[in-house]
Amino acid sequence: MKNAMMPVSVVDLVAEPSLRLVARTSHCGAARPISWVSTTELPDPVPFLRGDELVLTTGMYERTDEQWWELVDRLARLPIAALCFGTGLVHREVPDVVVRAAEECGLALVESPCEVPFVQISHWVADRIFAEQYDAVRANVAVQDELVRALLAGNGLTGLLSRLHVHLGRTPVAVVGVDGAVLAKFPQHAAVPDATVRRPVEIDQVPVAQVCADIPAQFESVLSFAANILGLEIARHQAVLTGRRELLGHVVEDVLEHVISDREGRARLVRARVPIGEPNHVVLATVDGPADRLRRLPWAVGQLVERRDDHQPTAVIDNTAVLIVPATADVAGIAAELRDRLAVLDPQVGVGVSTARSGVPGLRIGHAEARQASAQGPGVHPAGPLSVTGLLAGSVDLPLAELAETTLARLLRYDVEHDGELLATLRAYLDHDCSPSVTAKALAVHRNSLRYRLQLIEQLTGRDLARLTDRIELWFAVRALSRGAGEP
């Protein structure tokens with residue numbers, strides 16, 4: 001019995017005893033599939049054929065030997081699956097010229113006696129084609145069900161690819177990101193296939209990866225289905241991960257905007273598994289374009305298909321991603337990886353990396369540092385000295401007291417350790433319009449002593465008192481520090 005999964009062929013046709021067909025050429029043993037049946041008595045049936053049909057004719061139209069030869073040659077070159085010549089009505093037997101032409105042109109030729117009507121042959125072929133199509137649909141549904149189960153069984157992308165490998169005739173299969181990076185392959189030891197077939201994995205009609213395999217055409221539908229369910233699975237996990245990132249984003253935003261106290265902010269960050277008591281870098285990137293792109297489209301397909309959470313606490317605030325990275329981690333590598341991932345959404349994305357600080361105030365100032373650094377343009381940028389004036393010009397809500405403490409940290413520490421008066425000297429110098437003589441008189445110190453103190457202030461703060469922008473920045477820092485201490 002013919003395997004229902006195999007297409008009906010000329011061999012099957014000749015082998016069916018109820019049809020009583022007789023092979024008239026040696027080419028009837030070929031397993032050429034029959035796509036459909038066409039009965040014709042037209043002078044020239046070729047324009048009405050698409051190829052691979054079983055053409056039935058009684059030869060009613062009179063032709064010369066030359067015309068028969070030309071017709072057989074054209075049918076063979078189309079090609080049709082076979083020519084079935086009915087005898088007993090117009091011709092007692094198949095004309096010899098037809099037999100010779102079919103043999104020479106490589107065409108399968110069968111003879112059908114008039115006792116077997118053409119409609120019986122047509123029904124027999126149609127029944128088997130429909131059965132083949134039904135079996136193919138049923139088998140395809142079974143394969144699809146197995147692939148879905150493999151993806152949902154908890155074995156991740158590897159589990160899906162292992163079953164896909166079987167259903168693609170055991171050819172290597174791989175999932176490749178849009179950047180060309182291989183996210184997964186099966187078998188693991190196999191080379192990445194030089195794929196003849198690639199099917200996109202899409203999220204909201206945006207390609208995020210490709211499923212690749214070197215396969216014949218009959219397996220393409222299986223590969224397409226695998227790409228579709230992989231896209232749905234990635235989108236599902238993206239939604240879950242985005243929800244977690246937004247929850248942390250709400251906490252970070254409340255901390256940055258002083259909506260909650262530092263004590264409550266610390267407690268909520270700890271509950272969110274942020275090691276706020278240890279020094280952390282803030283890695284920040286803002287994606288250009290609609291804010292929902294950062295929520296909707298995946299940054300890392302491999303992470304999602306393997307169902308991995310973020311390695312570092314990650315917050316999403318509008319169209320900005322904020323990573324909180326321990327000082328012990330490879331922050332440069334993490335920042336570069338974030339840049340590469342977000343470049344899929346925004347090729348010009350800039351990533352800023354703050355200095356490592358601990359505590360809620362450290363998170364605020366680290367966020368400001370990283371945001372300022374990210375504004376420098378595409379690529380990864382470590383934070384430099386915070387420009388208070390630059391940040392204020394950007395209309396950014398800032399933790400000014402923390403910024404002031406950072407700008408003046410070394411100066412304040414020097415005053416504590418040496419019982420110095422550098423902060424008072426700096427305040428007086430700025431309050432007296434940076435006039436050395438007036439400042440020295442107000443402080444009751446010699447001008448040489450004042451000059452030494454000012455040089456020391458410049459060394460400790462990294463600012464040049466001769467530069468207007470540095471003077472303004474130090475003025476803001478001193479004022480913010482005074483305001484935080486309750487001074488006017």
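This is a short chat about a helix, a sheet and a core in a predicted model.

Visitor: What kind of model is this, and how are residues numbered?
Guide: The model is predicted, so local features need pLDDT of at least 70 and side-chain atom pairs count only at pLDDT 80 or more, while totals for chains, interfaces and linings use all residues. Residues are numbered from 1 along each chain as its sequence is written, and side-chain values use heavy atoms, with hydrogens and water left out.

Visitor: Which residues of α2 are buried?
Guide: They are W68, L71, V72, L75 and A76, where buried means under 20% relative accessible area and exposed over 50%, with partly exposed in between (1.4 Å probe, protein chains only). Helices (H or I, at least four residues) and strands (E, at least two) are DSSP runs, numbered from the N terminus.

Visitor: Why do they line one face of the helix?
Guide: Seen down the axis of α2, the buried residues fall within an arc of 135°, so they line one face; the arc is that of the directions from the helix axis to the C-beta atoms. On the other side of α2, E66 and R77 are exposed.

Visitor: New topic: what is the strand order in the open sheet?
Guide: The order of its 4 strands is β7-β6-β9-β8, with antiparallel pairing, and two strands pair if DSSP finds at least two bridges between them. The edge strands, β7 (182-186) and β8 (197-203), each pair on one side only.

Visitor: And how many bridges join β6 and β9?
Guide: Strand β6 (residues 173-177) pairs with strand β9 (residues 206-213) over 5 bridges in the antiparallel sense, and V176 has Q210 in β9 as its bridge partner.
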